[in-house]
2 protein chains.
Amino acid sequence: MARLHLHLLSDSTGETLEMVAKAALAQFDEEEVVRHFWPMVRSSQHLDRILDEFKAKPGLVLYTLVNEETRGRLEERCTALGLPHADALETVTLALEQQLGQEAQGRPGRQHRMDDAYFARVDAIQFTIAHDDGIGWDNWEEADIVLAGVSRTSKTPTSIYLANRGYKVANIPVVVESPPPEALYTLSRPMVVGLTTSAGRLIEIRRNRLLSLNEQTQTAYVDEERVKAELAFARRLFADNGWPVIDVTRRSIEESAAAIIKLCQERRAREGVPASGPKPI
Amino acid sequence: MARLHLHLLSDSTGETLEMVAKAALAQFDEEEVVRHFWPMVRSSQHLDRILDEFKAKPGLVLYTLVNEETRGRLEERCTALGLPHADALETVTLALEQQLGQEAQGRPGRQHRMDDAYFARVDAIQFTIAHDDGIGWDNWEEADIVLAGVSRTSKTPTSIYLANRGYKVANIPVVVESPPPEALYTLSRPMVVGLTTSAGRLIEIRRNRLLSLNEQTQTAYVDEERVKAELAFARRLFADNGWPVIDVTRRSIEESAAAIIKLCQERRAREGVPASGPKPI
């Protein structure tokens, strides 16, 4: 296996660069790639200290440096040290410069401005935490999305993920013996989405859950007939109410969330509201 | 103001592309940029339907398409339609191809593989939700990070954000009248971090909070002397225990989180554990 030091250097939080590196690395066979993170690099002194580390562990340098001076210095020094380097935002920034007829301004961290969209996103997280697992159903009308599903269909992590993208999410467990509050059937603003999965997968996940809790595994919670009946009950509930359904069996949280966001956008497009969403970016 | 349609097309969730677009757009003056999201485009038929939408709303096409065939088709059609287009992952993918001596494999969505790191991240979210606001302190030793701070210093959203990045986080409010559980002083695994902010900013945030709850604003919660005493009490608690402190006054959640992750990495480097962290990507 090749061993590669991958230096990720940013003058902001480095999150975009991490995601770009992750997406790109996923296209290669597993190699021994050692990642080094260098966020918040905003001065020449800071940069110079890091360049010493690059010398000690030479490898590929990827960066998102919007400040032209810092970027120029980094590129110059990498070239002098013989280190391969690439600007992860270059292609998109150049394309935008051409289309907008403006030069990029080179002010780091501007995507983290605490503007209205930012505070709306923080509100969405607070709302979602306060409306997990059926709590606070009297406020459901304020939600953007209400997720319903039987136990262990990823309602909580999916809700949290969507909250981070700016959506106010509530979620409610579907339990055969205990019907959901009436409020669920009269919502107008939120989109209600059903989450389902295959019985086999659900039993597997629940078995692991019970094992990790050190509990007896032969309960109704993992009994095949009971689990099938539970899923059938949920499917009927979703169908009776015309709620769209996402099957999470082979989907990661991110993929389920992308499918839910798409449903929201389609609904908005149908109802004539601009398709760009409440705070999509 | 120039009006630009920005089409963001991906064969996966589109999240990386959204972040790249957001980071790049932040470098330009506010223009009327209308964003259109096209996630999960994995077939030629799907692509052809979207190309019709591009014709109706021509603009800049940005994409993360790892499948070579779909990507080739998109580029060819964009050229034929006269639409400017750019591959947001190209620079980084090319640099990795050169360094690893491999070609990219063109399988979409591989960064969302449900591997160990994925399940560890879902666990981190579950843990963090279950340890918000001082709950579950008997499990704090399992956390990666414990955040302490007075009311409204962004403990919850910062915790959730860190959980999404794979860290198990607990948080505890610092309240003058009610000391934190003894468990806080004997933790060895988690890094305890104090959050603080300026009195002026805290009063402003709390006033807004009370207003939004329709409550009387002249309480101790927003009294300047009381708030200053509260912050001084918290600062002393952090100093007495040698906990690092993050001032969130002018920081967004993402920036506070980046600073906390940096503290974790520095602590690991000091203690000889590999600097790459538990599951940093």
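**Close-up views of a two-chain predicted model**

**View 1. Helix α4 of chain A and its cover.** In chain A, helix α4 (residues 90–100) has A:Thr91, A:Val92, A:Thr93, A:Ala95, A:Leu96 and A:Leu100 buried. Here buried stands for under 20% relative accessible area, exposed for over 50% and partly exposed for the range in between, with a 1.4 Å probe and protein chains only. Helices (H or I, at least four residues) and strands (E, at least two) are DSSP runs, numbered from the N terminus. The cover over the buried residues of α4(A) includes these elements of chain B: β1 (3–10), α1 (15–25), β2 (32–38), β3 (60–64), β4 (85–87) and α4 (90–100). Just after α4(A) comes A:Gly101, with a positive phi near 65°.

A word on reading these views: this is a predicted model, in which local features need pLDDT of at least 70 and side-chain atom pairs count only at pLDDT 80 or more, while totals for chains, interfaces and linings use all residues. Residues are numbered from 1 along each chain as its sequence is written, chains are lettered from A and ligands numbered from 1 in the order in which they are written, and side-chain values use heavy atoms, with hydrogens and water left out.

**View 2. The two copies and how they are related.** Chain B is superposed on chain A by a rotation of 180° with 0.0 Å of shift along its axis, at an RMSD of 0.0 Å (a least-squares fit on the C-alpha atoms of residues with pLDDT of at least 70 in both copies). This is the relation of a two-fold axis. Both copies use the same surface, as 100% of the contact residues of chain B recur in chain A (contact: heavy atoms within 4.5 Å).

**View 3. The domains of chain A.** Chain A splits into domain 1 (3–111) and domain 2 (116–270), with bounds taken from an automatic or database domain assignment. Taken over C-alpha atoms, the centres of domain 1 of chain A and domain 2 of chain A are 38 Å apart.

**View 4. Leucines in the largest nonpolar core.** The largest nonpolar core has 42 residues, and those touching the most other members are A:Leu6, A:Leu62, A:Leu96, B:Leu6, B:Leu62 and B:Leu96. Such a core is a set of buried Ala, Val, Leu, Ile, Met, Phe, Trp, Tyr and Cys residues joined through side-chain atoms within 4.5 Å. Leaving aside residues up to four places away in sequence, B:Leu6 touches B:Ala21, B:Leu25, B:Val33, B:Val34, B:Arg35, B:His36, B:Leu60 and B:Leu62.

**View 5. Aromatic pairs.** Over all chains, there are 8 aromatic pairs. Rings of Phe, Tyr and Trp (its six-membered ring) pair if their centres lie within 6.5 Å; planes under 30 degrees apart are called stacked, over 60 edge-to-face and the rest tilted. One of the pairs is edge-to-face: B:Tyr118 with B:Phe119, at 5.1 Å centre to centre and 80° between the planes. B:Tyr118 is buried at a relative accessible area of 7%, whereas B:Phe119 is partly exposed at 37%. B:Phe238 and B:Trp243 make a tilted pair, with 6.4 Å centre to centre and 50° between the planes. B:Phe238 is buried at 0% relative accessibility, and B:Trp243 is buried at 11%. In chain A, ring pairs join A:Tyr185, A:Phe238 and A:Trp243 into a cluster.

**View 6. Arginine over a tyrosine ring.** A:Arg206 places its charged end over the ring of A:Tyr221, 4.4 Å from the ring centre. In chain B, B:Arg206 lies over the face of B:Tyr221, also at 4.4 Å from the ring centre. The criterion asks for NZ of Lys or CZ of Arg within 6 Å of the ring centre and within 35 degrees of the ring normal.

**View 7. Two buried residues of helix α9 in chain B.** B:Glu255 belongs to helix α9 (residues 253–270) of chain B and is buried, at 11% relative accessibility. Not counting residues up to four places away in sequence, B:Glu255 touches A:Thr13, A:Met40, A:Arg42, A:Gly109, A:His112 and B:Arg250. B:Ile260, also in helix α9 of chain B, is buried with a relative accessible area of 0%. With the same sequence exclusion, B:Ile260 touches residues including B:Ile145, B:Leu147, B:Met191 and B:Ile246.

**View 8. Positive phi outside glycine.** Most residues other than glycine have a negative phi. A:Ser154 has a positive phi of about 70°; A:Ser154 sits in the loop between β5 (145–149) and α6 (155–164) of chain A and is partly exposed at 26%. B:Met40 has a positive phi of about 55°; B:Met40 is in the loop between β2 and α2 (44–56) of chain B and is partly exposed at 23%.
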